[in-house]
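Let's take a walk through this protein together, beginning at one residue and working outward. Keep the structure open beside you as you read.

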Amino acid sequence: MASAELSVVYSDDHDCSTRSVGQPGQALHRIQEVRRLQGMSLRTAARQLGTDIRSIRAQEQATTDLRLSDVYNWQRALDVPVAELLVDECESLSRPVRERAAMLKIMKSARSLVEASHPGPAKRMAENLVEQLLDLMPELKEVSPWHSVGQRRSLDEMGRIAEQPLGDPSYFCREACE
């Protein structure tokens with residue numbers, strides 16, 4: 001059986017001792033990098049953080065000076081140590097965080113294969129792949145497949161239409177109804 005090994009070499013071309021923290025335009029965190037690395041959509045992040053996509057985009061800008069409570073909310077949503085979200089000019093993301101993000105993406109793909117396959121050998125192989133990934137990393141149990149169209153909702157979640165149904169007169173006649 002053939003095997004392959006991947007090795008990544010990082011180099012630091014800058015001198016960390018000359019940098020000072022808090023310079024205007026300096027990156028303060030790497031929330032967007034971690035979110036993208038894990039394959040989490042803006043919509044999913046907004047739902048987990050209980051806010052809208054516009055706020056998420058603003059918060060994940062690397063130069064945004066976030067409150068500590070916001071950083072901890074992101075830490076819970078991304079399920080990584082807080083230290084991994086904060087920028088240290090001398091260090092990239094740790095190997096465990098990069099590997100976890102890769103495993104999340106692989107599990108999403110495996111779940112998508114299970115969902116898309118018809119009963120038979122291909123489906124059994126995809127199900128075996130999911131089981132093997134769960135053996136390696138049990139916390140992947142709750143990972144869902146990649147979204148094929150639109151946003152998936154659980155049966156307990158409502159869409160925007162449920163918050164303000166079309167029958168609401170404010171959609172049709174603001175001045176005439178007042």
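Leaving aside residues up to four places away in sequence, isoleucine 56 touches Leu42, Ala45, Ala46, Leu49, Thr51 and Trp74. In this predicted model, isoleucine 56 sits in helix α3. Is isoleucine 56 buried or exposed? Its relative accessible area is 0%, and buried means under 20%, so isoleucine 56 counts as buried. One of its partners, leucine 42, lies 14 residues away in sequence, with 7.0 Å between the two C-alpha atoms.

Now step back to the setting. Ile56 is among the residues with the most contacts inside the largest nonpolar core, along with Ile31, Trp74, Leu78, Val80 and Leu85; this core has 15 residues. Two or more residues of this core come from each of α1 (31–37), α2 (42–49), α4 (68–78) and α5 (82–85). Leucine 85 is a good place to look next: beyond four places in sequence, it touches His29, Arg30, Ile31, Val34, Val71, Trp74, Gln75, Leu78 and Val80. A second core, separate from this one, has twelve residues, including Met103, Met107, Leu133 and Leu134.

Two of the helices that feed the largest core also meet each other. Packed helix pairs in general are described by the angle between their axes and the distance between those axes. For α2 and α4, the axes come within 10 Å and cross at roughly 120°, and the crossing is right-handed. Which residues make the contact? On the α2 side they are Ala45, Gln48 and Leu49, and on the α4 side Asn73, Trp74 and Ala77. Sorted by class, that contact has four nonpolar residues, two polar ones and no charged ones.

Zooming out to the protein as a whole, you will find nine helices and zero strands. Of its 178 residues, 28% are buried. Among contacts with a separation of 6 or more, 63% join residues 24 or more positions apart.

Finally, a word on confidence. The average pLDDT for the protein is 75, and 65% of the residues score at least 70. Among the elements, helix α3 (residues 53–59), where our walk began, has the highest mean pLDDT, at 91, while helix α9 (residues 174–177) has the lowest, at 52. Over residues 1–20, pLDDT stays under 50, and the model has ten contacts beyond four places in sequence for that stretch.

Key: Residues are numbered from 1 along each chain as its sequence is written. This is a predicted model: local features need pLDDT of at least 70, side-chain atom pairs count only at pLDDT 80 or more; totals for chains, interfaces and linings use all residues. Side-chain values use heavy atoms; hydrogens and water are left out. A nonpolar core is a set of buried Ala, Val, Leu, Ile, Met, Phe, Trp, Tyr and Cys residues joined through side-chain atoms within 4.5 Å. Buried means under 20% relative accessible area, exposed over 50%, partly exposed in between (1.4 Å probe, protein chains only). Helices (H or I, at least four residues) and strands (E, at least two) are DSSP runs, numbered from the N terminus. Contact means heavy atoms within 4.5 Å. pLDDT is the predictor's confidence in each residue, from 0 to 100. Axes are lines fitted to C-alpha atoms, for helices over the stretch in contact, and angles run from 0 to 180 degrees between N-to-C directions. A crossing is left-handed if the near helix is turned anticlockwise from the far one by less than a right angle, and right-handed if clockwise. Ala, Val, Leu, Ile, Met, Phe, Trp, Tyr, Cys and Pro count as nonpolar, Asp, Glu, Lys and Arg as charged, and the others, Gly among them, as polar.
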